[in-house]
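Please open the model in a viewer and keep the selection panel at hand. The tour below proceeds from one selection to the next.

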Amino acid sequence: MAKARVLVVDDEQSLSQLYVRRLGKFSYTVSQANSGQDALDIMQREEIEVLLTDYKMPGMDGVELITRAIALSPMLQCIVITGYADIKTTIKAMGAGAFNYLQKPVDFAELDIIIEKGLEKRRMLQDLENQQRQLDQYRRHLEDLVLERTLALTAANKTLTSEIEERKCLEGSLIQAKIVAENANKAKSEFLANMSHEIRTPMTSAIGLLNLVLETDLLPKQKAYLEMARISTVIMHNLLNDILDFSKIEADRLSLESIPFNPRAVVDSVVDLQHLHAEEKAIRLSCLIADDVPATVIGDPNRLRQIILNLVSNAIKFTKYGEVAIECGCATEGSSSTGRDQQDITLQFSVRDSGIGIEAEKLAVIFEAFTQADGTITRRYGGVGLGLNICSKLVAMMGGRIWVNSQAGKGSTFHFTSVFAAGPSLEKGESAGDIKPADFPASSPRPRKTLSILVVEDDEMNQWLIHEILRNQGYTVVNAPDGATALQEIENRSFNLVFLDLKLPRTNGYDVARQIRERERGDRAASDKRLPIVAMTGLATKEAEQRCIDAGMDDFLAKPFSVGQIIAKAEKHAGRSGEKRPDARETKEAAFRNIASLDCQIFDEEAALKNVSGNRDALSVLIRKFIQKALHGIRIIEGTASEETSVLFEQEMQNLKEMAMQTGAIKLSDELFCLVLDLRNKKGITPSHRGRLEADLELFTNDPRVTALIKTGENANAGDKKN
Amino acid sequence: MPEIKKTELRMLIVEDDFMVRQIIRDILEPYGTVDIVVNGEEAIQAFRVAWRRQQPYDLICMDIMMPIMDGNTALVAIREMEKTLGITSPEEVKVIMITALDDVKTVVKAYSKGGATSYIVKPIEKDRLIGELRSINLISS
């Protein structure tokens, strides 16, 4: 270990040498300096551990030296040597940083101890400093580590955040894309629905015209070509209907009906439609309907027919030889197991063919849109592959399912079930024909009964249903949505029977019945013809029935009622009222006498003013223009021989008729319209046309309100000219 | 072949589409005289004029969707006029509404609000229209 170095500073050289000498005996190296500056210079060059300095020195004194030396080397241990009893100086030196002092004359043994102490203190300080440094290092290292981790964490966090952001962004754009796609799909469906509708309109005209042409005398060749054209239009029309259905289902715009119908009739109608196609291909088309299939169920017969028709026409399309068989029965997969109402009936239909069949791996996709088991099929057999998709969707809407068993080359059997509400139950002795439900949409002819029935019911669907059922029985049916309308109708016409719903808006059924009876009592002429009233209600209790009787009603029909019940009630009550109906001719004669009550005024000022937003001056101008035109028109008519009328002339009369209407010359407009209709029917002009037109025009121009209006206009004109 | 006529019918076709008009006219013409108008407003006027000439219509074939005034509105107005004239239901003019396949709701409206007698769906087929005339007893079967 290197010897400790001590620097002795004294301006008296003899003294410092003495120190060097005496201190050299100890275990440290001693250097000497003669002044403060000298000492500082030495300290710049070498490391000094202990500084021993005299206080009193010329130039820089001991205190200043200590101050500057410590500034230079903070670990330096300074000892100051002062004169005897110079306490002030000692305190000053200690204040500047000296760690101890000695008084002259110096006791070297004491000095040695002090130096040793100083060195020890320095060592301790150095140790402390080292430890401190080490601690600092550790701390810094730790800090570095923490910082490093923090940075790593921050970086990781950043990555995560940006990843989340990215995901969010992606999710957002996915949602956006989904919305866009859905909107696009909906727009597509809407577009398809609208377009198909637009295309269908001219298509229906084409079919109709072709049908008409085919009934005329044609050369065989012409007939064949036109028949081909007709078939093409029919195929196109069916395709359009498919597209329309498909896009309606996609756009959620398809709704099912709920009307009573005979499932047998539906199957029969499909056979009727398809047996010719089957015969053409020499395929046997058979149909087997199980006995337990009810005669009436409630559902959508058109959509059911559509499904069966699609399956059957597919079957015929894909079959070359053999047969196509339709079967229908009540499904054994009980409706009770699905938890549906007991009144529901599940029917199972199947269509079996001996056609080309479907390969096992294609079975799964055939119910998807725009698919046919084989792309080449489209070319060979036609179709766009929407039919089965529509079928499966319709079946699902009807609460059933559709499936297929098939073997390639051997044929396929398509099955489907659908759920219907139960129709009326047949009583024994009653034949199915008697309550044959509304055959929708074409109704079957029935013996005409000139009996009329008023149906008071606010629910439109119910109203329509009852209307259809009764109309198909040959009754004349009038509907009233509420009590007030019902009373008005009864006032205006005579009825043989009223079906009256008890729950009506505003006035309830009981009150309506009471009012009908009150009026009957008030009207003596009507006292002998009591109008039968049948209440319709969902409340099938004895009390409700009694209340109906009390209110003057005759019978009671509990909802939900069957087709047969309605017909039975109608037959029971409508025939009973023995009122002699006025005969048709009498009614007409009376109506002819009543014609004046029809709104055909010479001049309808109110309507005319409305047409010109109430501006009397404008109306005046319009009237004058019209009279001019009408006079001109009559002149043309006079100059036109009956056989010379042209389309242009007809158009001119039509325009004049519209202008007359606009001007409020209703009677004249009607007269002109007679002429137009006759022109359209190629009846030509008769002198009576001219006469009536002239007379009506005169009536119009001479109407005091018209003359007044013309005058105001002329005055205004004259006024304008003056100004 | 036109069947034995019960009487010479007076018929009005209300239809904005030229082709459809022509088709219906060709189907109906063997049964009587046919007038043609192109919207609901004209239908009302034609109805009124016919009564004034003491030649009311026996049948009106009216499209539901038409410009200016639709068929349902015109039907309501026509029934209103009949009420004014004192015409009761058996003698009311028979009105067959013509509709596209997909507007059942509108047809329901025609029945409940306007008192349509029947309706047929486009495309107009001769057999069906004639069948409908038979079922509402305008021609004998």
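In which sense do strand β4 (residues 94-99) of chain B and β5(B) pair, and over how many bridges? They pair in the parallel sense, over 4 bridges. Here two strands count as paired if DSSP finds at least two bridges between them, while helices (H or I, at least four residues) and strands (E, at least two) are DSSP runs numbered from the N terminus.

Before moving on, please note that this is a predicted model, in which local features need pLDDT of at least 70 and side-chain atom pairs count only at pLDDT 80 or more, whereas totals for chains, interfaces and linings use all residues. Residues are numbered from 1 along each chain as its sequence is written, and chains are lettered from A and ligands numbered from 1 in the order in which they are written.

**Stop 1: the sheet of chain B**

Select I98(B) and I120(B): the latter, in β5(B), is the bridge partner of the former. Then widen the selection to the open sheet of 5 strands, whose order in chain B is β2-β1-β3-β4-β5 with parallel pairing. Its edge strands, β2 (32-37) and β5 (118-121) of chain B, each pair on one side only. On average, neighbouring strands of this sheet are turned by 20 degrees against each other, direction ignored.

Next, add helix α2 (residues 40-52) of chain B, which packs on the sheet and touches β1 (9-14), β2 and β3 (59-63) of chain B. Contact between two residues requires their C-beta atoms, placed from the backbone, to lie within 7 Å. The direction of α2 makes about 160 degrees with that of β1(B); axes are lines fitted to C-alpha atoms, for helices over the stretch in contact, and angles run from 0 to 180 degrees between N-to-C directions. Helix α3 (residues 71-85) of chain B also packs on the sheet, touching β1, β3 and β4 of chain B, and its direction makes about 150 degrees with that of β3(B).

Finally, go to P123(B), in the loop between β5 and α5 (126-135) of chain B. The peptide bond leading to P123(B) from K122(B) is cis, with omega near 0 degrees.

**Stop 2: the parallel sheet of chain A**

Turn to chain A, where an open sheet of 5 strands has the order β2-β1-β3-β4-β5 and parallel pairing. The edge strands of this sheet are β2 (28-33) and β5 (100-103) of chain A, each of which pairs on one side only. Strand β4 (residues 77-82) of chain A runs parallel to β5(A) and is joined to β5(A) by 4 bridges. Within that pair, T82(A) has Q103(A) as its bridge partner.

**Stop 3: strand β12 and its partners**

Select strand β12 (residues 411-422) of chain A, which runs antiparallel to strand β8 (residues 297-299) of chain A and shares 2 bridges with β8. Strand β10 (residues 344-353) of chain A pairs with β12(A) in the antiparallel sense over 9 bridges, and I345(A) stands opposite F420(A). Strand β11 (residues 402-407) of chain A is also antiparallel to β12(A), with 6 bridges; S406(A) has S412(A) as its bridge partner. The hairpin of β11(A) and β12(A) has 3 residues between the strands, and G409(A) takes a positive phi near 90 degrees there.

**Stop 4: two crossing helices**

Display helix α6 (residues 220-250) and helix α10 (residues 387-397) of chain A, whose axes come within 10 Å and cross at roughly 45 degrees. The two helices, α6(A) and α10(A), are therefore oblique to each other; angles under 35 degrees count as roughly parallel, over 145 as roughly antiparallel, 65 to 115 as roughly perpendicular and the rest as oblique. In α6(A), D242(A), D245(A), F246(A) and I249(A) meet G387(A), N389(A), I390(A) and K393(A) of α10(A).

**Stop 5: where the chains meet**

Show both chains: 50 residues of chain A are in contact with 47 residues of chain B. On the chain A side, α5(A) supplies the largest share, 9 residues.

**Stop 6: two residues with positive phi**

A282(A) is not a glycine, yet has a positive phi of about 55 degrees. This residue, A282(A), is in the loop between α7 (263-280) and β7 (284-289) of chain A. Lastly, select S613(A), where phi is near 50 degrees, in the loop between α17 and α18 (616-639) of chain A.
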